[in-house]
Amino acid sequence: MASPLRKRIPRELKNNLGKYLGIFLLMSVTIALTSGFLLAAHSIGVIIDDMPEQYSIEDARFTTAFEATDEQLNAADAAREAGAGGADIFRNWSFDADFNHAQGDDGRDRTLRVYQHRTQVDLAAYAEGRVPEAADEVAVDRVFATNNGITVGEEVELFGQRFTVCGIMTTSDNQALFKDNSDFTVNTLTFGVAEVSESGFAALETTGHQPAYTYSVRFTDRDLTVAQRTDAEKDMVRALSAAGATVDDLTDSSANQGIGYAADDVSGDSTMWSALLYMIIAIMAFVFVVLTSGTIEEESAIIGTLLASGYRRRELVTHYLALPAAVGIAAAAVGNVVGYTLMSEPMRNLYYGSYSLPPYYATWSWGVFAQTTVLPVATLVGITLLGLLRKTGHIPLEFLRHETSKGGVKRGFALPERLSFTSRFRLRVFLRNLGNFATLFVGIGFASMLLLFSLAILPTMTHYAENLHNNVVAEHMYTLKAPLELNGTQADREAWIAIDELQSVEGDKLTAVEDAEAALEDSGDALQNAADKLQDAATALATAPSADAMHAAQDAQDDLARTQGAFNAAQDSFYGKVDSVAADLGKSRDEVLDMVQKAADIDADSDDVHPVNTVDNGAGKIAQAEKYAVYSLDYDRGEDSGTETITVYGVPEDSRYWDGLTVGDGHVVFGNGLIDKFRFADRQTVNLYDKYEDETREVTYEGGGYTWGTKSDMAVYMSLDDFNHFFGNDAGYFNGYASDQELDLDARYLASDLTPESMDAIGEQFVGMTNDMIGMLVGLSVFIFLVFMYLLTKSAIDRSARAISYMKVFGYRDSEISRLYVRSITLTVTVSLVVCQPLIIGGLTLLFRAMLLAYNGNIEIYVPMAAIAEVIAIGFATYLAVALLHIRRIKHVPLALALKVQE
């Protein structure tokens, strides 16, 4: 037989519609937003994780100055077989073509990196249209096309040639559009990627532009570590160089930003949204505690009567749990439907607007479902159940006398007589509801934390960008691929200019010249020997004429003639090879011979000889530039939070740029960001992992006197000598220059030029990506604040309903009652909003530290006074809207309530 208590549920829902509607909205909106984002992030993560195999993404790539010959590639293949085992090398040439689009031209120079349609490695994913087939067809990257208004069927120009856009696609090795791997930010407006057909690529070759001779490597063993891969890749490059190829660049996929950048960003943002979800769940848990307690107190007499009538505790708990559970489940269902349908698209567009990813498909995640749905519902049901079990442990008489709680201040508390009646009444209201107002204070703190969290993200990222700017100690921080000396004589510069120019010639031609030169030298030596023999024979004939001496002289003369012929042939061959090189360089034979002679004075293959910059930057610029060395290591963050990339610098002692940095004599200085993030103790040994060498290196934090930089500085500093000793380098090794003046450095040695402006660009990217979510987060926070404030203050009004009814019996008007009750709440809200701010900032600091642990870098919470004032203003404005509802509720408190019997 069904319990008759079920008939009370519709009436209870009607009488407490505001409370349950608030719970419903709070949960459903939260679940909709967080499930929409986390499911989209999970789906994108699955797509990215599947891409290496589904789209055959390369493991590494190298670029040669000229097309690698079959012999050179075979040499690289043999070196790889001796190291990491099987691998395939694919031609992956490209043009960086000037792009023109008739529509929407804003005068900016745009570049498309054009590949021949690839079918074996780094495959493309098509969103619209089809693969290019004709010579005048091109498929364009989706993000670039969107940002530049390009659609299928339009005509565009590459190197001045007209092409028709036949497809919109993304390439798996350019998920993030970096024109150069050393760039610090993606470029989705003026740089993109494209594919053409084989005949289309051949047409671009006829324009006179040289492609980038890039080759992609994909290892058969998919479980190789980064260290094993990089060892094999280095062996391949050494073999290529030995075979005469000039290798300009080598990049492992782990260091290729086009491949790994998007995955890192999605993972980091998921951590932030998860932290936001847990914060909201904590707020909801607090609300559920307050509402459960209020429900029990409000229904105290009814519960006591039911218990006295023979109802069991289990029946009452089930009855009072039914409605919150039903509302929670309904909210979860609605939130999931909205999240997976309406919110999934805008959430995924946060990333698909910035990254070139394959077509999106949703992937169900039980983890996300448990996190966004099961956990909030379980929190609601669990807290309500615990509250009911705790409250229903009282005897019926205690329920009838409303003695289930001991909040507030005893009635006998005397107030000063000098206070006016109104002041004493308001104070009495406050004291009797002290527990409720304490709850209100804590609740306002939670809600304010969520709101301040949303408002502080943008200032925090802006502050982080400023710190990044300040971390750049010079106007230019040049990183080199190999040591490059600025100091040198004019003869040194000319010799290295000759080496650079000669190395720009195809390797097999240079090898042929070297072989021909060696053959010419051998022929010259042979000719000299033959001449010496003829001289000896002539002398012998003159001294003692005889038939034998005559024959010996004749043989020597014939040998000299033969040797002269061989020498002439070797000379012709040598000059023929030199003329071929001269034709490639556009120089005369004598100029090339002069270059060869100058280059011969330098042992370019020696590790002790550093190249000299071919441009004289002048004594002034050279004097103010400082050498430094830099390398990246990884630190295990612990707690399954991945690894932190830590930059290790070797800097000069008493540096003009790293001012105040105490290095030398083995001292190691830690950036303040490392100490702030990881809280290293004095004398703590820190293990740093070198993934390229598969080796762990130890450094020791010496204490507070050995820290430097801003709280975003994640570097470790030591002297240049200590650096080279630490890494086992040659004593004179360096790979960078710090300079306040721009240096003219040889392009083939320059890896990157870090400037304060480029760090500003990184900061702007952080701010821009964050700014896309700010409005959504603030809107969610304000909504939650509104619902939260309504539920908590409504609870305080409900508990005073009988007293309000008494006042109406005594003749007080609704407006007078509102001033007595609502103003007490208003004062509590105002004080709470102001007083809780320092506590909130402390809580946010801990929250940010936990939330951003998995991010590279240290982003310290920065809360400007304007954000605090904004929180107080929004909070108070929200309360004013709620107060109007309470004034209306006071008007509806019935007079009959005062006449009801209460023990």
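This report describes salt bridges, surface patches and some buried residues in a predicted model.

**Salt bridges**

Side chains of opposite charge can pair when their charged atoms come close. The count here comes to 27 salt bridges. Three of them are listed below.

| Salt bridge | Closest N to O distance |
|---|---|
| Glu 53 and Arg 222 | 3.2 Å |
| Arg 61 and Asp 122 | 3.8 Å |
| Arg 238 and Asp 235 | 2.5 Å |

Start with Glu 53 and Arg 222, which form a salt bridge. Glu 53 lies in helix α2 (residues 17–54), while Arg 222 sits in the loop between β10 (213–219) and α6 (226–242), so the pair ties together parts that are 169 residues apart in sequence. Glu 53 is partly exposed, at 48% relative accessible area. Arg 222 is also partly exposed, at 34%.

Next come Arg 61 and Asp 122, whose side chains meet in a salt bridge. Arg 61 belongs to strand β1 (residues 60–64) and Asp 122 to the loop between β4 (110–116) and β5 (124–129), so this pair ties together parts that are 61 residues apart in sequence. Are these two residues buried or exposed? Arg 61 is buried, with a relative accessible area of 15%. Asp 122 is buried as well, at 0%. Both residues belong to a network of salt bridges. Its members are Glu 58, Arg 61, Arg 118, Asp 122 and Asp 173.

The pair of Arg 238 and Asp 235 lies within one helix, α6. The two residues are 3 residues apart, so about one helical turn separates them. Their closest N and O atoms are 2.5 Å apart. Arg 238 is exposed, with a relative accessible area of 53%. Asp 235 is partly exposed, at 27%.

**Surface patches**

Two patches on the surface follow, one negative and one nonpolar.

Glu 67, Asp 70, Glu 71 and Glu 205 form the negative patch. One of them, Glu 71, is found in helix α3 (residues 70–83). Glu 71 has a relative accessible area of 59%. It counts as exposed because that value is over the 50% cut-off.

The nonpolar patch is made of Leu 827, Val 831, Val 834 and Val 835. Together these residues have about 350 Å² of accessible area. Leu 827 is placed in helix α23 (residues 814–835). With a relative accessible area of 57%, Leu 827 is exposed.

**Buried positions**

Which side chain does Ser 356 join in a polar contact? The partner is Asp 141, and the contact is 2.7 Å. Ser 356 has its place in the loop between α9 (313–352) and α10 (366–391). This serine is buried, at 0% relative accessibility.

Thr 793 is another buried residue, with 0% relative accessibility. It lies in helix α21 (residues 756–799). How far is the C-alpha atom of Thr 793 from that of Val 822? The separation is 9.2 Å. Along the chain, Thr 793 and Val 822 are 29 residues apart.

**In brief**

Glu 53 and Arg 222 link helix α2 with the loop between β10 and α6. Arg 61 and Asp 122 take part in a five-member network, alongside Glu 58, Arg 118 and Asp 173. Glu 71 and Leu 827 are exposed. Ser 356 and Thr 793 are buried.

Conventions: Residues are numbered from 1 along each chain as its sequence is written. This is a predicted model: local features need pLDDT of at least 70, side-chain atom pairs count only at pLDDT 80 or more; totals for chains, interfaces and linings use all residues. Side-chain values use heavy atoms; hydrogens and water are left out. Patches are made of residues with over 30% relative accessible area and no salt bridge: like charges are joined within 9 Å, nonpolar side chains (Val, Leu, Ile, Met, Phe, Trp, Tyr) within 5 Å. Accessible areas come from the Shrake-Rupley method with a 1.4 Å probe; for residues, only the protein chains shown count as cover. A salt bridge is a side-chain nitrogen of Lys or Arg within 4 Å of a carboxyl oxygen of Asp or Glu. Lys and Arg count as positive and Asp and Glu as negative; His and the chain ends are not counted. The place of a charge is taken as NZ of Lys, CZ of Arg, CG of Asp or CD of Glu. Helices (H or I, at least four residues) and strands (E, at least two) are DSSP runs, numbered from the N terminus. Buried means under 20% relative accessible area, exposed over 50%, partly exposed in between (1.4 Å probe, protein chains only). A polar contact is a pair of N or O atoms within 3.5 Å; within protein, one must be able to donate a hydrogen and the other to accept it, and residues adjacent in sequence count only if both atoms are side-chain atoms.
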